[in-house]
Amino acid sequence: MSGAEKVVCVTGASGYIASWLVKLLLQRGYTVKATVRDPNDPKKTEHLLSLDGAKERLQLFKANLVEEGSFDSVVDGCQGVFHTASPAILAASDPQLWYQLSKTLAEEAAWKFAEECGIDLVAINPGFSIGPLIQPTPTSSMKVFLELMNGSLVFPDGIYNFVDVRDVAHAHIQAFETPAANGRYCLVGSVIHHSETCKILHKLYHPSFHLSEKDEDDKPLRPLHKVSQDKAKSLGISFIPLEVSFRDTIESLKEKGFLTA
Ligand SMILES: NC(=O)c1ccc[n+]([C@@H]2O[C@H](COP(=O)([O-])OP(=O)(O)OC[C@H]3O[C@@H](n4cnc5c(N)ncnc54)[C@H](OP(=O)(O)O)[C@@H]3O)[C@@H](O)[C@H]2O)c1
């Protein structure tokens, strides 16, 4: 079906993943009802309003997840809702743990609600998303990248599940447009050790940036796990190569003035 007559909602539209989603949806001819918490904040809206097709088919709405009923009138009449908004954790002893718990509970609640209300739900679970930014400020995953490039971050024995943000946005749309799509889709393009991340960044950018060349300690590396790509590939996702994602992320951060060689 063509997107011309389709109206969809994107929540948290000014975010890293959602901005790409809005861009691709507009490209495909959708009318997009985009929610942000503050439609009067140009940092949250200007990059969306300047996208191709935005003048004709993008509408901005104010909505906040912590306000009951805030999204009701926006999603009313939409054929699909891409729910990416996620409340930030302001204070916690272990923010990563609380983040993971919040995501698990939110997804459980979504499945329960979908079943009770007969909603056709698909969950997209991306890994550490990288790739170019559309929005003017770096998201938290981009901040980690900036620290890597500035040499201020050294992980002892980290393992990353990387995926390109463009693949994540594309997968959301494919999941919406593919009638057979169902259940959960884990999106991970590459699983690599931190040391391997450093090697790739070195190859691409040394000596332009001060990169740490090795891990903090010499302990043997933990074995890598695998994340099956079969289900994601069934949506037509072919995964952008990691080196391309790294390079495009860094070029984007440079272009926006967050990194200087
Ligand atoms: N980036 C990753 O590596 C990654 C990996 C796995 C899963 N995810 C998940 O994917 C989603 C998008 O991630 P992202 O990296 O694109 O995040 P992001 O850039 O931080 O965007 C999240 C958006 O959530 C909105 N938001 C926060 N609190 C809200 C509230 N109370 N009510 C309504 N909106 C609220 C913000 O909207 P305003 O701008 O209006 O304040 C923000 O634009 C999140 O659910 C995240 O947990 C991300």
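The legends below describe close-up views of salt bridges and nonpolar cores in a predicted model. Local features need pLDDT of at least 70 and side-chain atom pairs count only at pLDDT 80 or more, whereas totals for chains, interfaces and linings use all residues. Residues are numbered from 1 along each chain as its sequence is written, and side-chain values use heavy atoms, with hydrogens and water left out.

**View 1. A salt bridge within helix 5 joins Glu 116 and Lys 112**. The closest N and O atoms of this pair are 3.3 Å apart, where a salt bridge is a side-chain nitrogen of Lys or Arg within 4 Å of a carboxyl oxygen of Asp or Glu; the structure holds nine salt bridges. Both residues belong to helix 5 (residues 95-117) and are four residues apart, about one turn of the helix, with helices (H or I, at least four residues) taken as DSSP runs and numbered from the N terminus. Glu 116 counts as exposed because its relative accessibility is 56%, and Lys 112 counts as exposed at 55%, given that buried means under 20% relative accessible area, exposed over 50%, and partly exposed in between (1.4 Å probe, protein chains only).

**View 2. Lys 203 and Glu 243 form a salt bridge between distant parts of the chain**. The closest N and O atoms of Lys 203 and Glu 243 are 2.7 Å apart, and the pair links helix 8 (residues 194-205), which holds Lys 203, to helix 10 (residues 242-255), which holds Glu 243, across 40 residues. Lys 203 is exposed, with a relative accessible area of 61%, while Glu 243 counts as partly exposed at 32% relative accessibility.

**View 3. Arg 247 and Asp 248 meet in a salt bridge that is part of a network**. Their side chains come to 3.3 Å, N to O, and salt bridges with shared partners join Asp 164, Arg 166, Arg 247 and Asp 248 into one network. Arg 247 counts as partly exposed at 39% relative accessibility, whereas Asp 248, at 18%, counts as buried.

**View 4. The largest nonpolar core has 42 residues**. A nonpolar core is a set of buried Ala, Val, Leu, Ile, Met, Phe, Trp, Tyr and Cys residues joined through side-chain atoms within 4.5 Å. The members that touch the most others are Val 10, Val 22, Leu 25, Val 32, Phe 145 and Phe 162, and helix 1 (residues 16-27) supplies the largest share of this core, eight residues. Leaving aside neighbours within four places in sequence, Val 22 is in contact (heavy atoms within 4.5 Å) with Val 10, Ala 13, Val 32, Leu 48, Leu 51 and Leu 58.

Methods:
Helices (H or I, at least four residues) and strands (E, at least two) are DSSP runs, numbered from the N terminus.
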